[in-house]
Amino acid sequence: MIFEGLAEKLQNTFKKLKGKGKLSEKDVKAAMREVKLALLEADVNYKVVKNFINKITQRSIGHEVLESLTPGQQVIKIVNEELTNLMGTTQSKINFASKPPTIIMLVGLQGAGKTTTGGKLGGLLKKMGKRPLLVACDVYRPAAIKQLHVVGEKLDIPVFSMGDKVNPVNIAKAGIEHAKKYGNDVVIIDTAGRLHIDEKLMDELKNIKSEVNPHEILLVVDAMTGQDAVNVAETFNSQLGIDGVILTKLDGDTRGGAALSVRAVTDKPIKYIGVGEKLSDLEPFYPDRMASRILG
Ligand code: GDP
């Protein structure tokens with residue numbers, strides 16, 4: 001489960017605080033040292049941890065805590081609020097176009113779960129009453145097009161493809177025309193990923209972006225890769241510009257470092273989380289619910 005180690009450590013730290021009638025500045029600082037170590041062990045970005053601890057310490061040694069009747073509880077409340085803020089405060093939704101179709105471009109590295117997530121997202125949107133179309137623009141990974149068709153068939157969502165000999169920009173454009181013609185109000189474009197970020201990949205994504213003007217560019221990253229995922233997000237955001245992140249494989253991530261760092265590092269919200277291999281395993285991301293998983 002996500003935040004396994006972190007939750008245990010923070011809850012232990014706060015148990016000690018709760019037991020005390022009054023807190024001194026020293027008590028708060030000692031607790032913050034433990035929180036800092038726990039966050040670093042959970043693979044949270046170093047700068048994010050530093051800012052976080054500074055904020056909590058400042059708020060905690062103010063009189064709102066030290067002179068309160070339940071100082072331990074007050075500190076926990078502050079940590080809970082700041083953890084929620086760190087992950088974005090409120091749920092971030094998809095920006096739907098005022099004039100359909102809404103164009104969503106999915107980007108990311110190979111293996112992050114992009115193609116699967118495209119299907120899952122289509123499934124969620126369909127449940128919301130939308131009529132999504134999946135567009136297969138990953139012309140490099142063998143079997144990616146076939147995979148998208150299989151996913152589409154399972155969910156009963158149409159898939160637009162033109163084989164692997166056509167330029168992805170042209171496929172994306174033709175897909176959008178197809179959606180207009182057949183009344184699909186959301187177009188989900190599955191783009192190519194590579195093992196590493198390289199110029200060719202970015203150039204292709206930039207081309208698609210400038211030709212189709214997507215309403216949403218969502219980056220799919222694997223939560224299990226921790227700070228690597230955060231670095232990937234930072235690079236995609238600075239080179240291409242993204243509107244949000246979909247964090248996959250949270251079901252296999254016990255530490256939670258990516259979930260806690262992505263927003264603070266990139267200033268872009270996590271919009272959805274992948275929580276399993278089934279096509280129904282995609283959920284909206286709620287920062288407050290995530291924070292309460294840590295503090296119980
Ligand atoms: P792509 O190369 O980015 O298109 O990746 P795929 O969509 O082919 O996914 C790679 C692997 O990750 C597949 O085996 C998926 O089933 C798996 N996967 C994707 N999302 C999740 C998730 O949220 N949880 C788990 N456990 N597996 C996932």
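The following paragraphs describe the overall architecture, the charged and aromatic side chains, the backbone geometry and a set of individual residues of this protein.

The model is predicted. The protein contains 12 helices and eight strands. Its C-alpha trace extends over about 70 × 40 × 30 Å along the principal axes. Of the 296 residues in the protein, 53% are buried. Among contacts with a separation of 6 or more, 76% are between residues 24 or more positions apart. The exposed area of the protein is about 13,800 Å², and 49% of this area is supplied by carbon and sulfur atoms.

Charged side chains comprise 42 positive and 35 negative groups. The centres of these two sets are 2 Å apart. With respect to aromatic side chains, a search of the whole structure returned zero aromatic pairs. Placements of a positive charge over an aromatic ring were nevertheless found, including those at Y140 and Y286. At Y140, K200 lies over the face of the ring, at 5.8 Å from the ring centre. At Y286, the residue over the ring face is R289, and the distance from the ring centre is 3.7 Å.

Several backbone features were examined against the general background. Most residues other than glycine have a negative phi, and most peptide bonds are trans. The peptide bond from P100 to P101 is cis, with omega near 5°. P101 is placed in the loop between α5 (71–86) and β1 (102–108). A positive phi, near 70°, occurs at D43, a residue other than glycine. D43 belongs to the loop that runs between α2 (25–41) and α3 (46–60). N213, which is not a glycine either, has a positive phi of about 45°. The loop that holds N213 lies between α9 (199–212) and β5 (216–222). N213 counts as exposed because its relative accessibility, 55%, is over the 50% cut-off.

Strand β5 contains E216. The relative accessibility of E216 is 0%, and this residue therefore counts as buried. When neighbours within four places in sequence are left aside, the contacts of E216 are K93, I94, N95, I103, I104, M105, D243 and K271. Of these contacts, I103, I104 and M105 fall within the range of β1 (102–108), and K271 falls within that of β7 (270–274). E216 and F285 are 69 residues apart along the chain, and their C-alpha atoms are separated by 16 Å.

The loop between β5 and α10 (227–239) includes T225. T225 has a relative accessibility of 35% and so counts as partly exposed. In sequence, T225 and K47 are 178 residues apart, whereas the C-alpha to C-alpha distance in space is 18 Å.

K249 is located in the loop between β6 (244–248) and α11 (257–266). Its relative accessible area is 29%, so K249 is partly exposed. Not counting residues up to four places away in sequence, K249 touches G111, A112, D222, A223, M224 and G274. Among these, D222 lies within the range of β5 (216–222), and G274 within that of β7 (270–274). K249 and A259, which are 10 residues apart in sequence, have a C-alpha to C-alpha distance of 11 Å.

V275 occupies the loop between β7 (270–274) and β8 (282–284). With a relative accessible area of 25%, V275 is partly exposed, because partly exposed residues are those between the 20% and 50% limits. Its contacts, apart from neighbours within four places in sequence, are K120, L250, D251, D281 and E283. One of these, E283, falls within the range of β8 (282–284), while L250 and D251 fall between the ranges of β6 (244–248) and α11 (257–266). The C-alpha atoms of V275 and A229 are separated by 16 Å, and the two residues are 46 positions apart along the chain.

Definitions and conventions
Residues numbered from 1 in each chain as written. Predicted model: local features only at pLDDT ≥ 70, side-chain atom pairs only at ≥ 80, totals over all residues. Heavy atoms only, no water. Helix = DSSP H or I, 4+ residues; strand = E, 2+ residues; numbered from the N terminus. Buried < 20%, exposed > 50% of the residue type's maximum accessible area, 1.4 Å probe, protein only. Contact = heavy atoms within 4.5 Å. Areas by Shrake-Rupley, 256 points an atom, 1.4 Å probe, with all protein chains shown as cover. Lys, Arg positive; Asp, Glu negative; His and termini not counted. Charge placed at Lys NZ, Arg CZ, Asp CG, Glu CD. Phe/Tyr/Trp six-rings, centres within 6.5 Å; stacked < 30°, edge-to-face > 60°. Lys NZ or Arg CZ within 6 Å of the ring centre and 35° of its normal.
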